[in-house]
Amino acid sequence: MTIDTIVQAFHSRYEDGLPIYRRLAEAITQLIEAGELASGTKLPTHRALADALAVTVGTITRAYAEAERRGVVEARVGAGTYVCSHQRPSWVFSYPDQTPDEYNFGYNIPPSLDRSHELAEAMQSLSQRPEQLNHLMLYQDPQGLAGHRSVVCRWLQAYGVSLDPDRLYFTSGAQHAIQLVLSAFCRSGDTLLTEQVSYPGFLGLARQMQLSVKGVEIDEEGLIPDSLEIACRQYQPRMLYCTPTLQNPTAAVMSETRRKAIIDVCRRHQVLIIEDDVNGLLPEKAPAPLVNHDSEQVIHFGSLSKCLAPGLRLGYIQLPTRLQAHFNTALHHHCLMISPLLSALACELIDTGTADRMLQKIRADMQLRNQRVTQYLSAYQYHNHPQGFHTWLTLPDHWRLSDFVAAAEARAVIVKSAELFTPPGGTISQAVRLAVSAPQSHDTLEQGLSLLAELLAQDPFPDFPL
Ligand SMILES: Cc1ncc(COP(=O)(O)O)c(C=O)c1O
């Protein structure tokens with residue numbers, strides 16, 4: 001009997017802390033996946049299962065809805081809930097290029113936390129407002145809905161980022177923001193400046209658009225003002241692209257004084273600054289972004305990818321007033337507008353406090369992960385930040401960069417070589433970036449770090465015995 005099978009499976013699961021409806025949905029999913037509930041089987045009525053489990057009918061409704069979300073059952077109007085005849089692909093997506101036996105420090109992705117419940121709640125809440133849903137299905141102004149822009153600006157203000165809803169545009173993430181800026185304001189042959197090691201997504205795009213990129217010297221705080229001054233004189237660049245907070249790959253954070261000095265140099269040379277603030281919300285404490293100091297000198301962008309979820313594909317950008325009209329046209333030509341459904345979802349997550357809670361979780365998880373880095377790599381030279389995703393590790397003299405990356409890969413440890421972050425013609429540092437946020441669990445992280453520590457201590461060219 002289906003009902004007895006489900007009741008038995010439910011009682012055999014003891015997940016501490018899981019709400020009853022999710023425990024039940026788990027039990028049903030497992031029975032289906034194990035073939036114990038065949039496709040086409042009708043599940044018990046809500047009332048019958050509620051009585052058998054001594055829970056409310058509402059709990060059963062939520063459990064069936066959760067099982068439906070997972071694609072294992074379907075509700076047929078007026079007929080009940082059935083095990084799906086063709087199992088639809090699950091919503092669980094794997095991390096890029098990550099296999100269970102690999103220690104992948106490759107991508108700067110947020111730590112693997114279960115966000116499904118929060119996302120489901122936000123979507124459910126949205127789904128209960130039909131008038132708004134109909135509005136979200138229409139073409140909008142390229143800039144995005146004014147209400148959504150206000151919610152995002154208010155939220156960012158609480159983290160010290162001062163943006164103006166009238167000058168804000170939504171984008172499909174930070175990478176899209178860079179692409180829009182370069183295509184709107186640069187022409188093939190223009191020169192751009194950036195840090196001497198910089199975000200590969202920017203370098204790749206610039207190469208594709210035939211822009212010339214020159215690296216500017218950095219220290220532990222990022223760009224050095226005097227070196228920037230010299231580069232401005234030498235190259236007369238169109239713009240400076242930089243990441244003042246948690247620079248990728250060095251994890252450098254510019255001090256307030258340094259930020260002011262960088263703005264000063266750019267003002268004097270009339271060089272627009274493209275401020276990449278994609279990591280800006282990660283540190284518990286960081287100086288205000290450049291845009292707070294001079295919003296007419298700075299094009300500022302950020303996204304929800306690092307502080308919430310990259311899958312949302314939602315970013316934002318603020319332009320100096322004089323560039324707005326041109327940017328508006330560029331965005332319109334590019335994609336007409338960013339899906340308002342995504343900005344609505346983001347606003348829902350912000351308004352309910354979920355976005356704040358997720359960010360706190362990410363920060364807390366990174367704090368623990370970075371403690372592991374100290375534990376395993378303290379004998380080596382590296383730079384990171386307690387809440388940052390990545391560590392920039394300088395190799396000891398006995399290792400050559402390409403040998404180290406290959407030797408790590410041979411042990412299934414994936415790291416990113418400095419070569420990927422170096423603008424054309426730049427000197428390649430003997431360093432690698434470790435995305436400490438990427439390994440799926442703390443155990444995998446520790447095993448990967450332990451393998452790296454072992455490798456760093458090894459001599460790749462031992463003397464031949466005489
Ligand atoms: C410095 C920097 N800028 C931009 C991006 C792109 O972010 P998004 O996922 O919002 O496109 C990344 C992603 O890793 C990044 O590290």
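In which helix does S227 lie? In this predicted model, S227 belongs to helix α10, which covers residues 225-235. The relative accessible area of S227 is 14%, and because the cut-off for a buried residue is under 20%, S227 counts as buried. Setting aside residues up to four places away in sequence, S227 touches V216 and E217.

One of these two partners, V216, falls within the residue range of strand β6, which runs over residues 212-216. G215 is found in that strand too. Is G215 buried, partly exposed or exposed? Its relative accessibility is 42%, and since partly exposed is the class between 20% and 50%, G215 counts as partly exposed. Apart from neighbours within four places in sequence, G215 is in contact with T194, E195, Q196 and P423. A further pair gives a sense of distance along the chain and through space: G215 and M358 are separated by 143 residues in sequence, and their C-alpha atoms are 35 Å apart.

The contacts of G215 lead to the layout of the protein as a whole. The protein is divided into domain 1 (2-83), domain 2 (103-110 + 355-457) and domain 3 (118-353). By these bounds, G215 belongs to domain 3, as does S227, whereas P423 belongs to domain 2. The contact between G215 and P423 therefore joins domain 3 to domain 2. How many residues take part where these two domains meet? On the domain 2 side there are 26 residues, in contact with 35 residues of domain 3. The centres of domain 2 and domain 3, taken over C-alpha atoms, are separated by 25 Å.

The ligand is the next stop. Which residues surround the ligand? They are G173, A174, Q175, Y199, N248, D276, V278, S303, S305, K306 and R313. Sorted by class, this shell has 3 nonpolar, 5 polar and 3 charged residues.

Several of the shell residues place polar atoms beside the ligand. For A174 the polar atom belongs to the backbone, and it is 2.7 Å from an oxygen atom of the ligand. For D276 a polar side-chain atom lies 2.6 Å from a nitrogen atom of the ligand. S303 also uses a polar side-chain atom, which lies 2.7 Å from an oxygen atom of the ligand. Taken alone, the ligand exposes 400 Å², and the protein buries 91% of that.

Terms used. Residues are numbered from 1 along each chain as its sequence is written. This is a predicted model: local features need pLDDT of at least 70, side-chain atom pairs count only at pLDDT 80 or more; totals for chains, interfaces and linings use all residues. Side-chain values use heavy atoms; hydrogens and water are left out. Helices (H or I, at least four residues) and strands (E, at least two) are DSSP runs, numbered from the N terminus. Buried means under 20% relative accessible area, exposed over 50%, partly exposed in between (1.4 Å probe, protein chains only). Contact means heavy atoms within 4.5 Å. A residue is near a molecule or strand if one of its heavy atoms lies within 4 Å of it. A polar contact is a pair of N or O atoms within 3.5 Å; within protein, one must be able to donate a hydrogen and the other to accept it, and residues adjacent in sequence count only if both atoms are side-chain atoms. Accessible areas come from the Shrake-Rupley method with a 1.4 Å probe; for residues, only the protein chains shown count as cover. Ala, Val, Leu, Ile, Met, Phe, Trp, Tyr, Cys and Pro count as nonpolar, Asp, Glu, Lys and Arg as charged, and the others, Gly among them, as polar. Domain bounds come from an automatic or database domain assignment.
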